[in-house]
Each structure stands twice: as C-alpha cells, then as structure tokens.
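Trainee: I am new to this structure and would like a close look at a single part. Could you pick one helix, walk me through it, and then show me what lies around it?

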Amino acid sequence: MLRVETARRERVKPSGPAHEPPLWDLVGHTPLVPLRLSVDGHAPTVYLKAEWFNPGGSVKDRPAREILRAGLALGALPGRRLLDASSGNTAIAYAMLGAAAAIGVTVCVPANVTTERLALLEAYGADVIETDPLEGTDGAIIRARQLADRWPERFWYADQYGNSANVAAHRRTTGPEIWRQTETRITHLIAGVGTSGTLMGVGQFLKEQEPTVRVIGVQPDAPFHGLEGLKHMATAIVPPIFDPNAADEMIAVTTEAADDAVRWLARERGIFVGWSTGAAVVAARQVIRGLSDADRRDMVMVVVAPDSGQRYLSERDRLMEMR
C-alpha cells in the first residue's frame, strides 16, 4: 500500500535568497489523490498529482517562483517589471508571488482567457495586455517579445517557454515529490504539454532515478482546440525548452474527449478539474488499455493535474453540457 500524502510535509529546503517572502515557501508539497480509473474491468493504481493545492491554484506556481528567483539572482528584479506571455495560470502565479515580493508584473494573455483569470490578475495588481484570441498563446508570446525589444530598460522578459528555470523547478520539486510519494514505485507519468516544463523536468528526474519509467506527453489533436494551456506542437511556436526525444510517447486528445473526462471526474469522482487534466486522463486510459494484464497489476501511474475547474466557471455554455 503506497503512502499518500494528504498534507504538506517534508518540505524541500528553499533554494532562493534568504529574503524571499514566506508565501513563496508554500509552493509545492501537493498531495497525490487516488483515482479509481476502471479500464476493461481492471482498476490499476492511478493517482492525480493535485497541483491545485498550490497557493496560486495551479502547477504554474512552481516555475513562476523559480523564474522570479532567477530574475532576483541576476539583479534584473525588482528594478524592472517582469514581463511574460501566458494562457493565464503562469500569469496569476507571477502576479501573486510578485505582489508578495514587491515585484511589478506585466503579462500578455489571449483576450479569451476566462473572466476568473482576469479578475485574479486585477486583484493581484498585474498589468494585463490582451492579445488576439485567435492567435492563442503564440500571439501573446509575439507581443511580449515586441514589448521586451522596445523597452528593455523597463521590462525583464521572463520567457517561461524558453527559460531553463521552468524545467529546473520541476526537477527540484515536482519530480522528487512524486518519487517519494509513490515510494519509488512509479512506472508511468502522464503530463500535458504547454510550455513543456512539467513533462521535461519531472521526466528528467524520474528517468535519472529509474530509466524504465514511461514518460508520456499529452497535446491537442488539432491547431484549434479548447484545451487551454496545451499546445498543438505541429502548428504552434515550439517552446525552446521542449525536447521531443524526452518523452517515450506523445498522445493527441480531442477537446470532446477531454470534455467527457472532466464531466466524468466531476460527476463520478467528485473531482472538478481543468480541461488539460481531462485530456491527461483520456491519455491515461489509452495507455492502460495498451498494457497486458500483468503490466496493469504492477503499474503505478501518476497523472499531473495542473489546476481545478474553478477558473472555468464562466464558460457557462461548456459547463451546461455537463449537466
């Protein structure tokens, strides 16, 4: 029986400057939640890594903190404003953590991000620049680059898609947490691919501990999709930190299948998550179906759940379909 952490404990010693705000120390230490995922009559061992337990409500607290630390170490912050592009969660993490450390934050986000995200950014005092919703996060990236080039004395461009601190955050925290929480028995990791920092960092750490661990990425099946935070790599600006060879497998998921999984998780398991988690659960089922009975019995799978569904409540049409 695996030990499942239900509270924050065994905290990693902070690696940042001694003057970091106490709030920053609350990032990470998130629990594993057992998920009853019956496939073809089998109920293998599957856990959700519940990243909505982070103080900012998402997995993006981890790389945001590490990137802020990098900016402080370089002396770029707090003298300049942190500038970056985001689909929403990283922007909120920057805004929250930046407010605690008196660091100004400017974020470029697609104009169709949910009203909950915009409200949170306003509450934390971030400057928000809305970009063409049809261009998604790529449009936000292009706009952030333009601003950084035009006003280098005003902005420090954090570039979460190309910043190695993104990967380092997950190598240092998320990966070791999962390894410890599964008592080193993890066999499969499932994670969505947006910046790809989670997949790269956790995957690297786990492969170093046990090369046989299967690292599986999840992406949308088409350029136009409803899986906020994920990238269709064949048509998007590919993040510089992304290494396609680091994943043992990449699984493409439809928005409709992710919708069904979100509905099932909420109605049948009492877990209301975002659509990127729904896509990851679809991928998990696919992986399990491809395993032999013996492999299913021995499997210990962790599915990274980046956020809860609470930041999507304004999408009434989509949520109404869940009734």
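**A helix and its surroundings**

Mentor: Let's begin with helix H6, residues 197–209: at 1.5 Å a residue its 13 residues should span 18 Å, and the end C-alpha atoms are indeed 18 Å apart, so the two values agree. Please keep in mind that this is a predicted model. The average pLDDT of the protein is 92, and 92% of the residues score at least 70. One stretch to treat with care is residues 1–14, where pLDDT stays under 50; the model has 39 contacts for this stretch beyond four places in sequence.

Back to H6. Its buried residues begin with a run from Gly 197 through Thr 198, Leu 199, Met 200, Gly 201, Val 202 and Gly 203, and Phe 205 and Leu 206 are buried as well. What covers them includes helix H5 (164–181) together with four strands: S7 (188–192), S8 (214–220), S9 (249–253) and S10 (300–305).

Let's follow some of those covering strands outward. S8 and S9 are linked by a loop that holds His 225 and also His 232. His 232 counts as buried because its relative accessible area is 13%, under the 20% cut-off. Its contacts, leaving out residues up to four places away in sequence, are Gln 219, Pro 220, Asp 221, Ala 222, Pro 223 and His 225. His 225, in turn, is partly exposed, because its relative accessibility of 29% lies between the cut-offs of 20% and 50%. Beyond its neighbours within four places in sequence, His 225 is in contact with Pro 220, Leu 230, His 232 and Thr 255. From His 225 to Ala 191 the C-alpha distance is 18 Å, with their positions 34 residues apart in sequence.

S10, another of the strands covering H6, leads us to strand S2. S2 and S10 run parallel and are joined by six bridges; in one pairing, Ala 50 has Ala 305 in S10 as its bridge partner. S2 also meets strand S1 (residues 32–34), this time antiparallel, through three bridges, and there Leu 32 stands opposite Lys 49. Five of the six residues of S2 are buried, so to speak plainly, the strand is mostly covered.

Now for the nonpolar interior. The largest nonpolar core has 34 residues, and the members touching the most others are Leu 35, Leu 37, Val 46, Ile 190, Met 301 and Val 303. Two or more residues come from each of strand S2 (45–50), S8, S9, helix H7 (255–269), helix H8 (275–289) and S10. H8 gives the most, with nine residues. Val 46 is a nice one to click on: leaving out residues up to four places away in sequence, Val 46 touches Val 33, Pro 34, Leu 35, Leu 37, Ile 288, Met 299, Met 301 and Val 303. There is also a second, separate core of 26 residues, with Ala 76, Ala 91, Ala 126 and Ala 158 among them.

To finish, look at an open sheet of four strands, paired in parallel in the order S5-S4-S3-S6. Its edge strands, S5 (127–131) and S6 (155–157), each pair on one side only. From one strand to the next, the twist averages 25°. Strand S3 (residues 81–85) is joined to S6 by three bridges in the parallel sense, and Leu 83 stands opposite Tyr 157 in S6.

Methods
Residues are numbered from 1 along each chain as its sequence is written. This is a predicted model: local features need pLDDT of at least 70, side-chain atom pairs count only at pLDDT 80 or more; totals for chains, interfaces and linings use all residues. Side-chain values use heavy atoms; hydrogens and water are left out. pLDDT is the predictor's confidence in each residue, from 0 to 100. Contact means heavy atoms within 4.5 Å. The expected span of a helix is 1.5 Å times one less than its number of residues. Buried means under 20% relative accessible area, exposed over 50%, partly exposed in between (1.4 Å probe, protein chains only). A nonpolar core is a set of buried Ala, Val, Leu, Ile, Met, Phe, Trp, Tyr and Cys residues joined through side-chain atoms within 4.5 Å. Two strands pair if DSSP finds at least two bridges between them. Axes are lines fitted to C-alpha atoms, for helices over the stretch in contact, and angles run from 0 to 180 degrees between N-to-C directions.
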